[in-house]
Amino acid sequence: MQGLRRRAPGALLAAAALAAALTAHAQPQGAKLRIHVRGSAQIDAVAWNEPGGFVVHGSVVDDARSAITEQPISIDAVTSGGAPVDLPAAEACAPAGAGAREHRASQGGYAITTDERGGFCLRGRAPLADATLRVRFAGGPLYEPAEAKIPIEALAAPLAPVILRIDPPVDAIDLDRPSVNVTVALRIDRSGARGFASGAPFERERLTVALEDERGEKLAEAQTGGDGRARFELATERLAGPGQGALRARFDGSAVLAKASVSQAVVRYAEVTLALSRPLEPARAEDGVPIDVDVTSSRGPVDGGVVEALRAGESVGAAPVAGGKARVVAAFTAEREGTVPLTLRYVPAAPFWIPGPELAVDAPIAGPGVWRQIALAAVVLAIAGWVLGGWRRAPKTAAPGAAEDKPAAPPGKAGVRVLGPSEHATGWRGVVSDAHDGTPIAQAELTIVVPAFEGSGVVARALSDDVGAFSIEAPHRSDARLVVRAPTHSGYEQPLPPPSQLGVALITRRRAVLDRLVRWARRHGAPFEGPSEPTPGHVRRVASRNQQHDVELWATRIEHAAFGPDPVDERIEQDLGASEPKPGAPQLTS
């Protein structure tokens, strides 16, 4: 992968999401760890009536388009009104002259097993009028259940089943490039071609294949060549904006070939560019230099994320992005009038926004006015007189809420910062927020725990409100710990500071699992690490080439958790940590 723009995860809903769910409690000596492994499945199928019967043909795959082989599926039928349909006897499709095992309908419908390619084909001995087939995969230890409803089309002649595959898979699309190449392979399954001689030639050339997106909008058409492949140079301007989506290849059939379709989950990326909205005006550094920034991509204004200002690598201000705009106030200390170099960078809130080059700006710093200089000189003289006079004064207590006057920039990592003394000598209060974009986190649970021989050791507990604020009271103990958990953010724990005002920052579980994979890849080095920051898709492909199946499945699960539509809960995060591949893998090839 080449830069963050190339951080293409593989299939977003990468099935084979095999979960290693280790027991949460300590195992008795000699007991075996129970590993629970389940991924998702997808059914692609077509069905039609023909003289004397009907045919249903399809395949069962995971979301990485790998075949789910030798697994039982069931098939039944219902009318358009939802009433069950009486099913005739049926048989598995077979080449001419080969024996075909009969499948009689039972209360649960037909039962058939997928072949070594994940395919299935069933031929009924009577047509089905006004019917829709329900194809069900019950799942099992390795896969979640799946179901597809397949309408039955009326055809005048027997048809040969067709199988489509997007090959190679397209799991990410860079919207900043003018086009993306997509190849769809069309294969004819002669085993299901009843009425034709075994091995009879079927023309795979000049067959029209259409390409659609997840909205059902037709993107392009192409004809297959002599190798049965339709090649597309798809203009990215035809696609929707950055985010999760899908590509769907569709063949509408012919006089002798059945319809077929296949879907591929994708994620669309775009690079984010920063530019000054207007020239910077002189301002006093301690008061803050306002910087108005345009945040755009090739698809227009960007929503979400944060623009952060850095001085010598240290954060001096940050602001959220809305409608392609951000106003950052950079506050720092400057000793003299002049210009101070700052760097602006974009911190994305979603993985499909790719930070572009950082923007370097020179912030003009205004010197103090005449009266301000006189005031500063007076202060210096007063301090000098105080020191020379040997005065000793007790430090003043900061006014309650003083630390809240100016919000701190998001720290970019999980942690607890002491912002000032607490209003109450025995309590803690503050705000829980996202470590990257600074948004408040509601319903975060803060718990104070102490060592205990019996019970949980919990001495106090509180929840943050809708704006992330919390207040918790308990006697302070030096051995107490503060534990913070939130619905969508990774938990954090540290020793409890003295009673004070706190700023608690958490990172999302999606970022946490991605960070885990990056650290793992960097520990193992090339070829997992790659030329830039590693991603799940890169690690998965390297592991697949080298038959590192445990690494491939783990990277697939990371990919699904980080980029999939489902939320990442605490159990999934713990499972991904427990199933991280251990050192000692064989030497790999790049």
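**Exercise 1.** In this predicted model, work out which strands stand at the edges of the open sheet β10-β12-β15.

*Solution.* Start with the order: three strands make up the open sheet, running β10-β12-β15, with antiparallel pairing. Now look for strands with a single partner. β10 (162–166) and β15 (229–235) each have just one, so these two stand at the edges, and one side of each has no neighbour in the sheet. From one strand to the next, the twist averages 25 degrees.

Next, zoom in on one pairing. Strand β12 (residues 179–188) runs antiparallel to β15, and seven bridges join them. If you want a spot to look at, find Ala185: across from it in β15 is Arg229.

**Exercise 2.** Find which residues touch the most other members of the largest nonpolar core.

*Solution.* A handy starting idea: in soluble globular proteins, nonpolar side chains tend to be buried together. Here the largest core has 81 residues, and Val295 and Val307 touch the most other members. Strand β17 (residues 260–276) supplies the largest share of this core, eight residues. Then check Val307's contacts beyond four places away in sequence: among them are Leu274, Val293, Val295, Leu344 and Tyr346. Another core, of 27 residues, lies apart from this one and includes Ile43 and Ile150.

**Exercise 3.** Decide whether helices α3 and α4 are roughly parallel or antiparallel to each other.

*Solution.* First get the angle: α3 (residues 536–545) and α4 (residues 549–563) pack at about 160 degrees, with axes 8 Å apart. Angles over 145 degrees count as roughly antiparallel, and therefore α3 and α4 are roughly antiparallel. Their crossing is left-handed. Finally, see who meets whom: the α3 side includes Val539 and Ala543, and the α4 side includes Ala555 and Ile558.

Definitions and conventions. Residues are numbered from 1 along each chain as its sequence is written. This is a predicted model: local features need pLDDT of at least 70, side-chain atom pairs count only at pLDDT 80 or more; totals for chains, interfaces and linings use all residues. Side-chain values use heavy atoms; hydrogens and water are left out. Two strands pair if DSSP finds at least two bridges between them. Helices (H or I, at least four residues) and strands (E, at least two) are DSSP runs, numbered from the N terminus. Axes are lines fitted to C-alpha atoms, for helices over the stretch in contact, and angles run from 0 to 180 degrees between N-to-C directions. A nonpolar core is a set of buried Ala, Val, Leu, Ile, Met, Phe, Trp, Tyr and Cys residues joined through side-chain atoms within 4.5 Å. Buried means under 20% relative accessible area, exposed over 50%, partly exposed in between (1.4 Å probe, protein chains only). Contact means heavy atoms within 4.5 Å. Angles under 35 degrees count as roughly parallel, over 145 as roughly antiparallel, 65 to 115 as roughly perpendicular and the rest as oblique. A crossing is left-handed if the near helix is turned anticlockwise from the far one by less than a right angle, and right-handed if clockwise.
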